[in-house]
Amino acid sequence: MTHLLDSPAHAKVWSTVPRRLPLYAGLVVAGGGLSGCAAALSAARLGAPVVLIEPTHMLGGQAGPAGVSAMDVTQHYDDQINGHGLWQELRSRINDVYRYRLRRHLNVSQYRDTSFAPNPVVVDRVLTQMLKEAGVRTYRNVHIESAEIRPGAAKLSTSSGPISGKLIIDATEDGAVTRLSLVPHRLGNAVSDGTGYSTTDLEEVVLQDITQTAMIRRYEPGTMPAELRLEEPPERFHEFIPAIVRGYPFGPGKARIGHDNGFAGYRAAPDLAGDVNYTGSQWEKITRTSLNYHNDQPITAAYFTDELSRVRYDREAILRTLAIIYFLQHHLRLDWSVVTDEGFDRGPGCRDPRVVAGLPEAIVRHFPPIPYVRESPRIIGRDTMTGKTIYRRGNRTLAPWDAHAVAVGTYPPDLHGGRTIRDMEEDLSESLADKPLTWREGPFPIPLGSLIPRSPLPLIAAEKNISASRIAAAATRLHPTVTAIGQAAGTLAALAIHHGVLPHSVPTMAVQSLLVYQGAHLAPYPIRGIRPGEPGYSATQIAVVHQLVDTVEIKRPEASPLLGLDLDRAARLGQTLLDEYADWTSPLVPKRC
């Protein structure tokens with residue numbers, strides 16, 4: 001299948017394996033997911049020399065090679081999520097691709113016309129262009145083999161040779177730099193001090209589930225290629241049936257019972273292969289969707305530490321998704337199978353033969369090349385976010401605010417697995433009481449200290465690798481949140497490199513100043529009467545975050561509250577604080593303010 005994004009030049013980008021990396025870079029960003037790309041973009045635009053390495057052939061992480069295309073955004077907080085920072089820029093550029101080039105809707109998922117569900121191939125293409133424009137040297141198909149992080153040394157050994165930097169940002173999907181460098185970290189409820197874990201049996205440490213997604217489409221009768229039809233049920237098919245029938249074909253809830261296309265609307269994506277065009281509310285018409293529902297695969301901490309355990313879990317995750325495809329084709333008599341135009345099969349890498357032995361290669365090669373990993377190793381940082389620090393007393397309420405905030409999250413702690421009392425972290429005084437039983441979304445602060453190891457090291461954490469308890473981490477893994485974390489990590493790195501210091505020595509206010517200059521949002525709620533790019537925006541954000549002015553919540557029925565305040569006073573007081581740190585920030589103030 002072909003579409004307007006097919007490009008021989010980009011196919012070469014996907015297939016190229018670097019013979020060697022530069023021996024040195026000012027900043028090395030490990031991981032080309034949303035957080036890693038945001039970090040690289042922010043740092044490069046602030047003047048830092050940046051190299052980004054990515055183990056797969058695609059950029060985007062969970063939104064790219066992991067295939068999680070339907071993005072879980074808390075719609076109630078659109079104003080402060082979608083209109084700010086690099087997330088706003090990424091959304092805008094993706095929207096332009098669909099509006100002007102593909103001429104497709106991308107508000108197609110979750111049965112809502114307010115959704116955002118770009119195809120992974122589009123996310124990869126847009127991020128590629130943004131990094132190129134920023135001057136980021138990007139190397140794909142590079143696997144990290146070992147890491148050394150200590151005072152005076154930040155080094156990676158990779159499949160394409162060694163690379164060192166003044167700083168490394170760990171934005172990998174699986175915490176590879178943190179884990180391999182033996183930096184103190186958490187893995188589930190186990191703690192590593194750099195010499196070993198607090199428990200000897202990591203198979204007893206339960207983590208959040210992984211999911212092997214698959215992008216599938218409904219083929220017109222008689223048009224499905226024969227090799228895309230499963231002739232035999234996959235291994236353990238009958239074990240997976242109870243979970244499958246709870247979700248297929250009607251999807252979540254009871255609203256679509258009786259309609260065999262109900263499931264397709266939940267994680268729908270634009271169909272690049274045909275002429276059909278639809279929105280989320282037109283779920284009956286949907287012809288492309290991502291299988292990211294009722295196919296979660298339970299794992300333990302051994303997934304990250306034991307090669308054979310990872311092989312076993314990855315294989316089981318693939319089998320669960322194959323089982324859904326078989327169920328659709330044979331039990332429901334529906335012509336759904338994998339798409340062949342998202343680019344998942346275009347990289348030079350291949351899965352471990354032990355993972356795919358005996359599986360239908362014609363189908364599995366079109367699966368996203370990596371599973372969606374919800375929980376990774378997390379540094380032990382200067383500050384650790386916990387269920388208590390992000391606790392919202394009710395749905396759509398505010399967590400206690402932190403003047404050290406460098407990013408804002410809004411999602412509830414959504415734990416996919418590891419939800420019993422024995423899975424909690426006693427050393428953080430957490431219990432099930434810190435994980436609400438009901439849905440509780442609302443803004444919470446992500447402090448700078450959660451990105452910085454407790455000891456002064458040339459390392460910054462991003463993506464899902466920040467210092468947080470399991471409960472808190474379950475609220476920070478969403479697409480817009482990891483993007484905001486990455487922007488903060490890149491800003492911190494640029495400041496540290498420019499001033500020749502470790503991240504520990506960079507003042508929080510300096511990071512916040514440059515973030516709001518870039519249009520980031522750090523206040524608890526949107527501020528009435530001022531938007532990014534307008535005079536006084538940066539100073540007003542700083543004044544609110546540091547509680548220099550009184551604010552009043554202005555309730556709105558269908559959206560988050562606004563903050564009402566004296567804008568002139570906030571601008572004056574906030575500017576005073578900005579001026580206090582001008583010696584840190586002035587040389588780096590970006591042109592794109």
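Into which domains is the protein chain divided? The chain is divided into domain 1, covering residues 207–372, and domain 2, covering residues 523–592. The centres of domain 1 and domain 2, taken over C-alpha atoms, are separated by 45 Å. The model described in this report is predicted.

## The chain as a whole

The secondary structure of the protein chain consists of 17 helices and 20 strands. The radius of gyration is 23 Å, which is close to the 25 Å that the globule rule gives for 593 residues, so the chain is as compact as a globular protein of that length. The C-alpha trace spans about 70 × 55 × 50 Å along its principal axes.

Of the 593 residues in the protein chain, 63% are buried. The accessible surface comes to about 22,200 Å², and carbon and sulfur atoms account for 51% of that surface. The contacts also show how the chain is folded back on itself in sequence terms: among contacts between residues at least 6 apart in sequence, 78% join residues at least 24 apart.

## Salt bridges between distant parts of the chain

How many salt bridges does the chain contain? The count comes to 36 salt bridges. Three of the pairs are set out below.

| Pair | Closest N and O atoms | Separation in sequence |
|---|---|---|
| Arg217 and Asp271 | 3.2 Å | 54 residues |
| Glu235 and Arg315 | 2.4 Å | 80 residues |
| Arg378 and Glu425 | 3.3 Å | 47 residues |

The side chains of Arg217 and Asp271 meet in a salt bridge. This pair links distant parts of the chain, with Arg217 in strand β10 (residues 215–218) and Asp271 in the loop between α7 (237–245) and β11 (288–290). Is Arg217 buried or exposed? Arg217 counts as buried because its relative accessibility is 11%, under the limit of 20%. Asp271 is also buried, with a relative accessible area of 0%.

Glu235 forms a salt bridge with Arg315. Here Glu235 lies in the loop between β10 and α7, whereas Arg315 belongs to helix α9 (residues 307–331), and the pair again links distant parts of the chain. Glu235 counts as partly exposed, because its relative accessibility is 39%, which falls between the limits of 20% and 50%. Arg315, at 15% relative accessibility, counts as buried.

Arg378 forms a salt bridge with Glu425. Arg378 is in strand β15 (residues 378–379), and Glu425 is in the loop between β16 (405–409) and β17 (444–447), so that distant parts of the chain are linked. Both Arg378 and Glu425 are buried.

## The surroundings of Glu425

Which residues are linked with Glu425 in a network of salt bridges? The network is made up of Arg186, Glu375, Arg378, Glu425, Asp427 and Arg470. Glu425 itself has a relative accessible area of 1% and is therefore buried. Leaving aside residues up to four places away in sequence, Glu425 touches Arg186, Gly188, Asn189, Arg378, Glu430, Ser469 and Arg470.

Two members of the network, Arg186 and Arg378, are also partners in a sheet: the bridge partner of Arg186 in β15 is Arg378. Strand β7 (residues 185–187) is joined to β15 by two bridges, and these strands run antiparallel. They belong to an open sheet of three strands, in the order β8-β7-β15, with antiparallel pairing. The edge strands are β8 (190–192) and β15, each of which pairs on one side only.

## Ala405 in strand β16

Where does Ala405 lie? Ala405 lies in strand β16. Its relative accessible area is 0%, and Ala405 is therefore buried. Residues in contact with Ala405, not counting those up to four places away in sequence, are Pro445, Ile446, Pro447, Gln512 and Leu522. Ala405 and Gln575 are 170 residues apart in sequence, and their C-alpha atoms are 18 Å apart in space.

Technical notes:
Residues numbered from 1 in each chain as written. Heavy atoms only, no water. Salt bridge = Lys/Arg side-chain N within 4 Å of Asp/Glu carboxyl O. Helix = DSSP H or I, 4+ residues; strand = E, 2+ residues; numbered from the N terminus. Buried < 20%, exposed > 50% of the residue type's maximum accessible area, 1.4 Å probe, protein only. Domains from an automatic or database assignment. Rg over C-alpha atoms; globule rule 2.2 N^0.38 Å. Contact = heavy atoms within 4.5 Å. Areas by Shrake-Rupley, 256 points an atom, 1.4 Å probe, with all protein chains shown as cover. Pairing = 2+ DSSP bridges.
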